[in-house]
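Thanks for coming. I have one structure to go through today, and I will take it topic by topic. Please have a look at it first.

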Amino acid sequence: MKLEEYQTAKSALETGAALAPAESRFSKLIKDCEERIAEETGDLSMQMPEALAKNDVPAKEIELDKDQPNLEIEAAPPKPAYRHEFYQKPEEVVVTIFAKGIPHDCVKVDYGEQTLSVAINAPGKEAYHFQPRLFAKIIPEKCRYDVLSTKVEIRLAKSEPIHWTSLEFSREVAITQRVNVSSVSASQRPSYPSSKPQRVDWDKIEAQVKEEEKDEKLDGDAALNKFFRDIYKDADEDTRRAMQKSFVESNGTVLSTNWKEVGAKKVEGSPPDGMEMKKWEY
């Protein structure tokens, strides 16, 4: 619902309501979804009969004023079958078309030097065509797309690392900002949008969490696992190879850090006292 994918949200909520009939929150949220869907589609089937009833005037009572110019009413362009949006990275633009349950063979995507062509022809659904002239040039042979269960995701490879102010080209002169990829470092972390007036320092929070994890006192298996993780993290390549090989070949019963000893032979299992090793039969 936060992503404004109300049809998908409604379907998920109905599944939840079927699994937990006693949970009252589902019915309220489903009702909210239906209201939002009605707002988007503008429920014309309910509104038109009322409007016709109010404006029902006999034809003989309507007289055209000959002095008035002949006005042509221009119909509004039809609403596209699927919603789309985009975001970008220094090297690519990702276009998302929110089309749910579309078979892969019903989607056709073509790329040009500065064009994108998307056609979706699914059985029983309205044909969809999206053919924008893009903001800047792309590299067609490096572009790709994926058809997922709820959307079609298209990745456009930029020919230049510039910031696109929009997806589609506009004749209005826009200042394009070149992104210096090499200058982006760990200290220049991206900022994320938030509705809160005060900005959150995520780097500071991350450092605090790591410090708390470092000082956390563990017991039993958790402490032992942390001990092995710390050894592996700070070890050289030979030590890591020894740990991996000994653990896998011994079915988790031996963990050695000596590569000279482990690398020369297969590591046999060594079960704890009073236990016996057996092969798993499928």
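Let me start with disulfides. A disulfide is a covalent bond between the sulfur atoms of two cysteines. This is a predicted model, and a search of the whole structure turns up 0 disulfides. Two cysteines can still be placed by their accessibility. Cys-106 has 14% relative accessibility, so Cys-106 counts as buried, the cut-off being under 20%. Cys-143 is also buried, because its relative accessibility is 10%.

Now the overall layout. The protein chain has 7 helices and 7 strands. In sequence order the pattern reads α-α-α-β-β-β-β-β-β-β-α-α-α-α. The chain is made of 282 residues, and 21% of them count as buried. It exposes about 22,700 Å², and carbon and sulfur atoms account for 52% of that area. As for contacts, take those between residues at least 6 apart in sequence: 45% of them join residues at least 24 apart.

Next, one strand in detail, β2, which covers residues 92-98. Is β2 buried or exposed? Of its 7 residues, 7 are buried, so the strand is largely enclosed by the rest of the structure. In a regular strand the side chains alternate between the two faces of the sheet. In β2 both faces are covered. On one side the buried residues are Glu-92, Val-94, Thr-96 and Phe-98; on the other they are Val-93, Val-95 and Ile-97.

Which strands pair with β2? One is β1, residues 83-88, which runs antiparallel to β2 and is joined to it by 6 bridges. Within that pairing, Tyr-87 has Val-94 as its bridge partner. The connection from β1 to β2 is a hairpin of 3 residues. Another partner is β7, residues 152-157, again antiparallel and over 6 bridges. There, Val-95 of β2 stands opposite Ile-154.

Last, the empty space. Rolling a probe the size of a water molecule over the atoms shows where empty space is left. The largest pocket holds about 640 Å³ of space. How many residues line the largest pocket? The lining has 19 residues, and those nearest the centre are Gln-7, Ala-81, Tyr-82, Arg-83 and Phe-98. The elements that give two or more residues to this lining are α1, residues 6-19, and α2, residues 25-41. Phe-98 has come up before: it is one of the buried residues of β2.

That is what I had on this one.

Note on methods
Residues are numbered from 1 along each chain as its sequence is written. This is a predicted model: local features need pLDDT of at least 70, side-chain atom pairs count only at pLDDT 80 or more; totals for chains, interfaces and linings use all residues. Side-chain values use heavy atoms; hydrogens and water are left out. Buried means under 20% relative accessible area, exposed over 50%, partly exposed in between (1.4 Å probe, protein chains only). Helices (H or I, at least four residues) and strands (E, at least two) are DSSP runs, numbered from the N terminus. Two strands pair if DSSP finds at least two bridges between them. A disulfide is a pair of cysteine sulfur atoms within 2.5 Å. Contact means heavy atoms within 4.5 Å. Accessible areas come from the Shrake-Rupley method with a 1.4 Å probe; for residues, only the protein chains shown count as cover. On a 1 Å grid over the protein atoms alone, a cavity is a set of points where a 1.4 Å probe fits but cannot get out, and a pocket is an open set with protein on both sides within 12 Å along at least five of seven lines; lining residues have an atom within 4 Å of a point. Grid points are joined across faces, edges and corners, and a volume is the space filled by probe spheres set on the points.
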